[in-house]
Amino acid sequence: MKRSEINEIIREADAFIRSFGYILPPFAYWSPDLMKARREEAAGILQSRLGWDITDYGQEKFDDLGLFLFTVRNGRLADMKTGSGMLYAEKIMISRKNQLSPMHRHLSKAEDIINRGGGTLVLELFMPRQDGGIDESADVSVPVDGVTRRLAAGGLLKLDPGESVTLLPGVWHAFWAEGRDVLIGEVSTVNDDLTDNVFRDPIGRFSTIEEDEEPLHLLVSDYDRWIR
């Protein structure tokens with residue numbers, strides 16, 4: 001993706017998020033220079049990989065295959081092992097109309113996916129086999145706001161604004177927006193996008209960036225290269 005495209009997506013996403021009354025934290029608007037200057041006091045932001053995240057999964061077709069994310073808060077994996085401390089994370093995301101977030105599962109993360117507003121959020125769901133692969137025969141049972149919903153393998157779960165689904169580790173899922181763009185909330189256990197995502201197809205989690213202009217704000221995938 002070109003940096004100019006990423007900058008424009010950030011501007012559009014910020015306006016879309018604000019239209020629902022959701023305001024991002026102050027560090028979201030730090031310039032790259034300010035992020036560098038405050039890197040010591042911002043160690044928690046950098047270590048927990050909080051901030052802007054825009055991906056086309058390395059396929060260079062963001063409008064069809066991609067996702068906007070902003071990680072608002074995130075605990076530490078070390079705390080997950082001890083069972084105490086900050087064991088949770090929160091993201092705000094945008095799925096554009098008919099934009100696919102591809103089939104994947106998580107090794108350890110449990111998550112609530114919440115339709116915060118806009119169109120209908122559609123999820124395609126499969127249960128995992130014992131070896132972790134997709135079980136194309138097993139029915140899927142998931143809690144939708146505490147009420148169990150059962151679907152056939154590969155069934156489509158449609159969430160209207162205000163509805164949410166709980167996905168436990170291992171459950172395969174892909175999703176997209178129907179009708180209009182959707183603002184998505186994610187509340188989960190500690191998030192680790194470096195090692196906890198398993199995709200059905202051989203694709204990447206992060207985008208390769210062509211630096212055709214200066215970044216408006218740094219992405220979480222920029223931190224190692226631009227600051228550390």
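**Stop 1: histidine 106**

Select histidine 106 and show what surrounds it. Leaving aside residues up to four places away in sequence, histidine 106 touches Glu111, Pro169, Gly170, His173, Asp196 and Asn197. Keep in mind that this is a predicted model.

Now show the cartoon. Histidine 106 belongs to strand β4, which covers residues 101-106.

Is histidine 106 buried or exposed? Its relative accessible area is 5%. Buried means under 20%, so histidine 106 counts as buried.

Next, add asparagine 197 to the selection. The side chains of histidine 106 and asparagine 197 are joined by a polar contact of 3.1 Å. Then add aspartate 196. Here the side chain of histidine 106 reaches the backbone oxygen of aspartate 196, at 3.5 Å.

**Stop 2: the aromatic rings**

How many aromatic pairs does the structure hold? There are five. Select tryptophan 52 and phenylalanine 68 to see one of them. Their ring centres lie 5.9 Å apart. Their planes meet at 65°. Over 60 degrees counts as edge-to-face, so this pair is edge-to-face.

Trace the chain between the two rings. Tryptophan 52 sits in strand β1 (residues 51-55). Phenylalanine 68 sits in strand β2 (residues 67-74). The two residues are 16 residues apart, and the pair links distant parts of the chain. Turn on the surface as well: tryptophan 52 and phenylalanine 68 are both buried.

Widen the selection to Phe27 and Phe70. Ring pairs link Phe27, Trp52, Phe68 and Phe70 into a cluster.

**Stop 3: a charge over a ring**

Move to arginine 205 and phenylalanine 206. What lies over the face of phenylalanine 206? Arginine 205 does, at 4.7 Å from the ring centre.

**Stop 4: the whole chain**

Clear the selection and zoom out. Colour by secondary structure. The protein chain has five helices and twelve strands. Its radius of gyration is 17 Å, close to the 17 Å that the globule rule gives for 228 residues, so the chain is as compact as a globular protein of that length.

Rotate the C-alpha trace. Along its principal axes, the trace spans about 50 × 45 × 35 Å.

Now colour by burial. Of the 228 residues in the protein chain, 52% are buried. Then look at contacts with a separation of 6 or more. Residues 24 or more positions apart account for 73% of these.

Finish with the surface. The accessible surface of the protein chain comes to about 10700 Å². Carbon and sulfur atoms hold 49% of that surface.

Terms used: Residues are numbered from 1 along each chain as its sequence is written. This is a predicted model: local features need pLDDT of at least 70, side-chain atom pairs count only at pLDDT 80 or more; totals for chains, interfaces and linings use all residues. Side-chain values use heavy atoms; hydrogens and water are left out. Helices (H or I, at least four residues) and strands (E, at least two) are DSSP runs, numbered from the N terminus. Buried means under 20% relative accessible area, exposed over 50%, partly exposed in between (1.4 Å probe, protein chains only). A polar contact is a pair of N or O atoms within 3.5 Å; within protein, one must be able to donate a hydrogen and the other to accept it, and residues adjacent in sequence count only if both atoms are side-chain atoms. Contact means heavy atoms within 4.5 Å. Rings of Phe, Tyr and Trp (its six-membered ring) pair if their centres lie within 6.5 Å; planes under 30 degrees apart count as stacked, over 60 as edge-to-face and the rest as tilted. A charge sits over a ring if NZ of Lys or CZ of Arg is within 6 Å of the ring centre and within 35 degrees of the ring normal. The radius of gyration is taken over C-alpha atoms; the globule rule is 2.2 Å times the number of residues to the power 0.38. Accessible areas come from the Shrake-Rupley method with a 1.4 Å probe; for residues, only the protein chains shown count as cover.
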